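Colleague: Could you take a close look at a single part of this model, the sheet together with the helix that packs on it? A connected account would be welcome.

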Amino acid sequence: MDKFTSNDRIKNHYSQNLYAEQIAAYKLKLEFAIKSLDATIWEYDIIHNLFFSDSENSVLVKGMNLETYISIHHPDDRIILRKTLYNLVQDKTDKLSLELRLITHKKTYTWIKIDGQVFERDSNGHPTVILGIKRNINNEHQLKTELIELRNKAEEADKLKSVFLANMSHEIRTPLNAIMGFSNLIASSVNDENLIEYAKLIDVNNSLLMQLINDVLDMAKIEADKLEFHMSEISLNELMWQLQQMFILRASSGVEIILGTPPKEHYI
């Protein structure tokens with residue numbers, strides 16, 4: 001019986017040592033992970049009104065009360081920090097997650113992210129200890145700010161491009177109108193049917209080019225919030241004739257584009 005008891009004690013002692021070694025290993029891994037994240041663990045003892053951390057690099061290593069802890073953050077962040085902690089203490093929320101600006105020893109601010117939740121409660125279920133983690137996100141926040149600035153610059157450049165195109169509408173249209181005018185003049189001053197047909201083709205393609213430019217300018221005006229609508233009648237007969245002329249130039253050899261239009265003009 002004594003021999004069995006001794007064996008049991010040896011096994012129990014061995015199990016306790018193994019358990020302690022496993023806990024120590026897990027603790028070492030946890031500390032390594034937290035250090036890799038540039039983070040520290042913090043606690044808030046609600047009963048004694050004390051914030052503290054075991055990390056040697058933490059400002060909480062010596063402990064501080066709630067008001068002192070809040071005061072080491074940017075004035076604009078203190079209200080939301082106080083309100084969030086109050087709701088957590090009063091059990092009005094389960095967790096906290098905030099991005100704040102912390103005062104450094106150089107009297108500058110660095111961005112941090114704190115997360116936490118209730119860790120211990122009393123016999124009545126009221127929170128007594130809040131446990132959390134603080135992580136330095138200054139580089140991440142700076143990168144995000146730079147990306148926002150680059151996006152704003154890109155949007156501003158795109159808007160300036162649209163404004164430029166919208167303002168250039170008259171300058172672009174002027175030479176095209178001259179080409180269209182001279183092509184009409186040629187058509188009216190010659191009797192050769194081929195020359196007249198060529199002049200009409202020039203006029204049609206000028207019109208198509210003008211329409212294409214108008215579409216581009218309209219897109220620019222939409223982007224620049226300068227688009228204006230003008231209502232006018234459009235001849236369907238003329239529109240179909242223009243489409244026919246456009247496809248005649250693109251048609252393959254041997255392909256004939258035929259247009260049948262009614263003798264009466266139709267408008268929309």
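Modeller: Helices (H or I, at least four residues) and strands (E, at least two) are DSSP runs, numbered from the N terminus. The model is predicted, so local features need pLDDT of at least 70 and side-chain atom pairs pLDDT 80 or more, whereas totals for chains, interfaces and linings use all residues. Residues are numbered from 1 along each chain, and side-chain values use heavy atoms, without hydrogens or water.

The chain comprises seven helices and five strands, which follow one another along the sequence as α-β-β-α-α-β-β-β-α-α-α-α. Of its 268 residues, 24% count as buried (under 20% relative accessible area, with exposed over 50% and partly exposed in between; 1.4 Å probe, protein chains only).

The five strands form an open sheet, arranged in the order β2-β1-β5-β4-β3. Their pairing (at least two DSSP bridges between two strands) is antiparallel. The edges are taken by β2, residues 50-52, and β3, residues 95-103; each has a single partner strand, so one side of each lacks a neighbour in the sheet. From one strand to the next, the twist averages 25 degrees (axes are lines fitted to C-alpha atoms, for helices over the stretch in contact; angles run from 0 to 180 degrees between N-to-C directions).

At the β3 edge, nine bridges connect β3 with β4, residues 109-121, and the two run antiparallel. Within this pairing, Glu 99 has Lys 113 of β4 as its bridge partner, and Arg 101 has Trp 111 of β4. The hairpin of β3 and β4 has five residues between the strands, and Lys 107 takes a positive phi near 65 degrees there. Lys 107 is not a glycine, and with a relative accessible area of 70% it is exposed.

On its other side, β4 pairs with β5 in the antiparallel sense, again over nine bridges. In this pairing, Glu 120 stands opposite Val 129 of β5. The hairpin of β4 and β5 likewise has five residues between the strands, and here Gly 125 takes a positive phi near 90 degrees.

Helix α3, residues 75-89, lies across the sheet: β1 (39-45), β2, β3, β4 and β5 (127-136) are the strands concerned, and α3 runs at about 150 degrees to β3. The 15 residues of α3, at 1.5 Å a residue, should span 21 Å (1.5 Å times one less than the number of residues), and the 22 Å between its end C-alpha atoms agrees with this.

Which residues of α3 are buried? They are Asp 77, Leu 81, Thr 84, Leu 85 and Leu 88. These residues cover an arc of only 95 degrees around the axis (taken from the directions from the helix axis to the C-beta atoms), which puts them on the same side of α3. The cover over the buried residues of α3 includes β2, α2 (66-71), β3, β4 and β5 (contact meaning heavy atoms within 4.5 Å). On the face turned away from that buried side, Ile 79 and Lys 83 are exposed.

The chain leaves α3 through a loop that leads to β3 and contains Asp 91. Just after α3, Asp 91 adopts a positive phi of about 65 degrees, although Asp 91 is not a glycine. Its relative accessibility of 37% makes Asp 91 partly exposed.

The aromatic residues complete the picture. The whole structure holds three aromatic pairs (rings of Phe, Tyr and the six-membered ring of Trp with centres within 6.5 Å; planes under 30 degrees apart are stacked, over 60 edge-to-face, and the rest tilted). Trp 42 and Phe 51 have ring centres 5.9 Å apart and planes at 35 degrees, so this pair is tilted. For Tyr 44 and Phe 51 the centres are 4.2 Å apart and the planes at 10 degrees, so that pair is stacked. Trp 42 is buried at a relative accessible area of 2%, Phe 51 is buried at 0%, and Tyr 44 also counts as buried, at 5%. Ring pairs join Trp 42, Tyr 44 and Phe 51, together with Tyr 69, into a cluster.
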